[in-house]
Number of protein chains: 2
Amino acid sequence: MLEPHHPDLGQVSLAEVLRGLSDPARLHMVKTMYALGECECSLVYADLGLSKSNASHHFRVLRESGILRRTQRGNQQYATLRADELKARFPGLLEAVIANSGAGSGVRADPGPSGER
Amino acid sequence: MLEPHHPDLGQVSLAEVLRGLSDPARLHMVKTMYALGECECSLVYADLGLSKSNASHHFRVLRESGILRRTQRGNQQYATLRADELKARFPGLLEAVIANSGAGSGVRADPGPSGER
DNA sequence: TCAGTAGTTCAATGACCACTGAACTAGTGG
DNA sequence: CCACTAGTTCAGTGGTCATTGAACTACTGA
């Protein structure tokens, strides 16, 4: 398998990183990786109920946003947050996201009235 | 004109806020508002080259993500970052975004010769 | 009343996104 | 060689997004 491309973080804009983080499933994945360090992909999305192909999609988005790095060992893919690089490029951002990704931050409590338009 | 709806920040998820911030134009708007405090909408998007309707769209996204508050005085709409509320709800996040929204964060930079990695 | 200003709403367009299931690739171990 | 496991790629679907231009609302000042 071809080594997937990992962008130079210097080339990644803040907006792109935020876009990568702006999905509840991906936030959950990031949080898990932050807690576990390098880990098998299956571990990251096991409790998320994502299908294989959907998980693969989200991993790709995160990789292309510069948020994680993937490596292969044997039969399995491993994923690692590019935590140090992110902290160097966007100081305080990852810390804030991790600190605020707890309960109540990824899921809304109430659908909201959506009373307009 | 009907008062627009401003969501309770307690109901807004981190993913939604990140989504609101994940566009270069909106990041720019947020940065401008952070620097200027309450200000006329026209000031916020004047140097962005956004059309009126497009700017109105982005203001609505930011409002619905809980990022800003809009008020009307006379003929003009004013926009204010909900900075204190955001800092209370997602500590460190707004600070990190503002601090990293400078040059090179919203727009891809030139590759740069001192290539690393 | 009338023109001008400020901004919203609407319909439409093209792009992209999340998600699915099926087909595919690649490594592991019998 | 064969099945098994782990994950990717592909085509397609429905939904949302950014953007535009035109029509509309609402306030202001002459």
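A polar contact is a pair of N or O atoms within 3.5 Å. In the predicted model described here, a polar side-chain atom of A:S51 lies 3.5 Å from a phosphate oxygen of DNA strand C, so this pair falls at the limit of that definition. Two residues of chain B also place polar side-chain atoms beside phosphate oxygens of DNA strand C: for B:S56 the distance is 2.4 Å, and for B:R70 the distance is 2.3 Å.

These contacts belong to a wider protein surface. DNA strand C is surrounded by 21 residues, of which the closest are A:H57, A:H58, B:K52, B:S56 and B:R70. By residue class, this surface comprises 13 polar, five charged and three nonpolar residues. On the side of the nucleic acid, 62% of the atoms of DNA strand C within 4 Å of the protein belong to sugar or phosphate, and the rest belong to bases.

Both protein chains contribute elements of secondary structure to the surface near DNA strand C. At least two residues each are supplied by α4 (52-64) of chain A and by α3 (41-45), α4 (52-64) and β3 (76-81) of chain B. The largest share, four residues, comes from α4(A).

The helix α4(B), one of the contributors to this surface, was examined further. This helix has 13 residues, and the distance from its first C-alpha to its last is 18 Å, close to the 18 Å expected at 1.5 Å a residue. Its buried residues are B:A55, B:H58, B:F59, B:V61, B:L62 and B:R63. The cover over these buried residues includes three helices of chain B, namely α1 (14-21), α2 (24-36) and α3, together with the strands β2 (68-73) and β3 of chain B. Just after α4(B), the residue B:G66 adopts a positive phi of about 80°.

The strand β3(B) takes part in several of these arrangements: β3 of chain B supplies residues to the surface near DNA strand C, helps to cover the buried residues of α4(B), and belongs to an open sheet. Strands of a sheet pair through backbone hydrogen bonds, in either a parallel or an antiparallel manner. In chain B, the open sheet has three strands in the order β1-β3-β2, and the pairing is antiparallel. The edge strands are β1 (39-40) and β2 of chain B, each of which pairs on one side only. Between β1(B) and β3(B), which run antiparallel, there are two bridges. B:C39 has B:A79 in β3(B) as its bridge partner.

Key
Residues numbered from 1 in each chain as written. Chains lettered and ligands numbered in written order. Predicted model: local features only at pLDDT ≥ 70, side-chain atom pairs only at ≥ 80, totals over all residues. Heavy atoms only, no water. Near = heavy atom within 4 Å. Polar contact = N/O pair within 3.5 Å; in protein donor to acceptor, adjacent residues only side chain to side chain. Nonpolar A, V, L, I, M, F, W, Y, C, P; charged D, E, K, R; others polar. Expected span 1.5 Å × (residues − 1). Buried < 20%, exposed > 50% of the residue type's maximum accessible area, 1.4 Å probe, protein only. Contact = heavy atoms within 4.5 Å. Pairing = 2+ DSSP bridges.
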